[in-house]
Structure formats: structure tokens, C-alpha cells
Amino acid sequence: WKNPMKSKYTKKGSKKKVIDPYSRKEWYDIKAPAVFREREACKTIVNRTAGTKIASEALKGRVFEVNLGDLHKNPNLGNRKIKLRVEDVQGRACLTNFYGMVFTTDRLRSLVRKWHTLIESVVDLKTTDNYLVRLFCIGQTKRRLSQPEEDVVRDLEPGQAHPRQDGLGDGQAHYHVGPAPTGGEADSGGHWQGD
């Protein structure tokens, strides 16, 4: 239901002018530090200087995440992301400094495997030029031995070789529990022949 009186009291031309927000913005180039092969990291957008709001001040402190593979033009390094922080603005170029490095999510997920233990640690360090660096270390153990292997390793004499390192080379673990047999020699299957 429409109110017939509504149009009587509305002022003509009261609608606000629609202004494209991008008409008041400027593009700036993000320059990576000199240690990277590709200096042109990316671009960013910011409102033009108007009154007390200065564009360069709005840019300082911004953090950008850039793929290391793109910065070095090497796709093999694509599983690391570099964080760059704007320190200074010169003309239309934003000069950045290294701010951090993280692994991509898919790379972190690929490190998690069955039967392996993931070890993570966080360490805060101070460099000689007074930078505070927080290191996130990640590592993983080798696969746990199966129960029969653990039993054999436990029964080994000190200095005795591990069954997997007995030089038989067929990928199978061969065990000899108890005193070593006298005389004869091992065949290709690891069984003793002779006396």
C-alpha cells in the first residue's frame, strides 16, 4: 500500500550525489629490500592527501605478504611467504623492510605424518644490531620402530650394529638374538650356513 501524501512532502533533488570512492585514491608501488631479485613486490592503494590526512603517513607501517617464489623468480620457493613492512615513502614508491616469514598452510599440513612426532618451539633472540627476532622452529622425528625392532635393539650388545645396518641390502631386517653363531657365513638372505 502506498501513502499518497508521502510524495507531497518529499523534497526534489534531495538524493546524495554518488561519487566513485576510487576517484579519491592513488596507487603506490611496493619495493622489496635489495636482498630479493625482484624489487617490484606489489602495488597498494591509499586516499589522496587531503587536509591534515597525509597519504604517506597512512602508508607507513602497512604490512604486505608476498610469495618468496615471486620475489626470487623461483617456483621451488613458493611454499614460503615473506612479510614486508613499509618504512619510508619516496614519491610513488614505498620502501619496505623484512618483517617476517611464514610457511604456506599446505606446506605445514604436509609436514604432519603418521607415526612421526612434530616438535615445535618458539625462541626470542636479539641480534647484534638490536633487532628482536622471534623464531618459530619446527622439526619432526623419524618413524618409530616397530615393536619387534624395539625388542631387538634393546637386546643388542653395546657396539653391536643395528639389524637394519647389517649390510645385507635387501631392505628386510634380519635378527639374530643370542650369541653369534660360530663358523660359516651369512648367505644373501642373511641366514647362517656352514658348521
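Which residue stands opposite Asp 124 in β7? Arg 134 does. The model in view is predicted, and this pair is a good way into it.

**The hairpin**

Asp 124 and Arg 134 face each other across two paired strands, β6 and β7. Strand β6 covers residues 118–126. Strand β7 covers residues 132–140. The two run antiparallel and share nine bridges. Together they form a hairpin, with five residues between the strands. One turn residue, Asn 130, has a positive phi of about 60°.

**Overall layout**

The protein chain has 195 residues, and 15% of them are buried. Its secondary structure comprises five helices and nine strands. From start to end of the sequence, the pattern reads α-β-β-α-β-α-β-β-α-β-β-α-β-β. Take the contacts between residues at least 6 apart in sequence: 32% of these join residues at least 24 apart.

**The five-stranded sheet**

An open sheet is built from five strands. Their order is β2-β1-β5-β4-β3, and the pairing is mixed. Strands β2 and β3 sit at the edges, each pairing on one side only. β2 spans residues 40–47, and β3 spans 63–67. From one strand to the next, the twist averages 40°.

Strand β1, residues 25–31, runs antiparallel to β2. Seven bridges join the two. In one of the pairings, Trp 27 has Ile 45 of β2 as its bridge partner.

**Glu 26, a buried acid**

Glu 26 lies in strand β1. Is Glu 26 buried or exposed? Its relative accessibility is 16%, so Glu 26 counts as buried, because the cut-off for buried is under 20%. Its side chain makes polar contacts with the side chains of two residues, tabulated here.

| Side-chain pair | Polar contact |
|---|---|
| Glu 26 – Tyr 28 | 3.3 Å |
| Glu 26 – Arg 92 | 3.3 Å |

Arg 92 also appears among the contacts of Glu 26 beyond four places in sequence. The others in that list are Thr 44, Ile 45, Val 46, Arg 48 and Ala 55.

**Two nonpolar cores**

Tyr 28, a polar partner of Glu 26, also belongs to the largest nonpolar core. That core has nine residues. Besides Tyr 28, they are Ile 30, Val 46, Ala 55, Leu 59, Phe 64, Val 86, Val 89 and Cys 94. At least two residues come from each of β1, α2 (55–59) and β4 (80–90). A second core, separate from this one, has seven residues. Among them are Ala 32, Leu 68, Ile 82 and Leu 84.

Which residues does Phe 64 touch, not counting residues up to four places away in sequence? They are Ile 30, Cys 42, Thr 44, Ile 82, Lys 83, Leu 84 and Val 86. Two of these, Ile 30 and Val 86, are members of the largest core along with Phe 64. Ile 82 and Leu 84 belong to the second core.

**Confidence**

The mean pLDDT of the protein chain is 79. A pLDDT of 70 or more is reached by 72% of its residues. Two stretches fall below 50. Residues 167–178 stay under 50, and the model gives them 13 contacts beyond four places in sequence. Residues 188–195 are also below 50. This second stretch has 18 contacts in the model beyond near neighbours in sequence.

Technical notes. Residues numbered from 1 in each chain as written. Predicted model: local features only at pLDDT ≥ 70, side-chain atom pairs only at ≥ 80, totals over all residues. Heavy atoms only, no water. Pairing = 2+ DSSP bridges. Helix = DSSP H or I, 4+ residues; strand = E, 2+ residues; numbered from the N terminus. Axes fitted to C-alpha atoms, helices over the stretch in contact; angles between N-to-C directions. Buried < 20%, exposed > 50% of the residue type's maximum accessible area, 1.4 Å probe, protein only. Polar contact = N/O pair within 3.5 Å; in protein donor to acceptor, adjacent residues only side chain to side chain. Contact = heavy atoms within 4.5 Å. Core = buried A, V, L, I, M, F, W, Y, C linked by side-chain atoms within 4.5 Å. pLDDT = per-residue confidence, 0-100.
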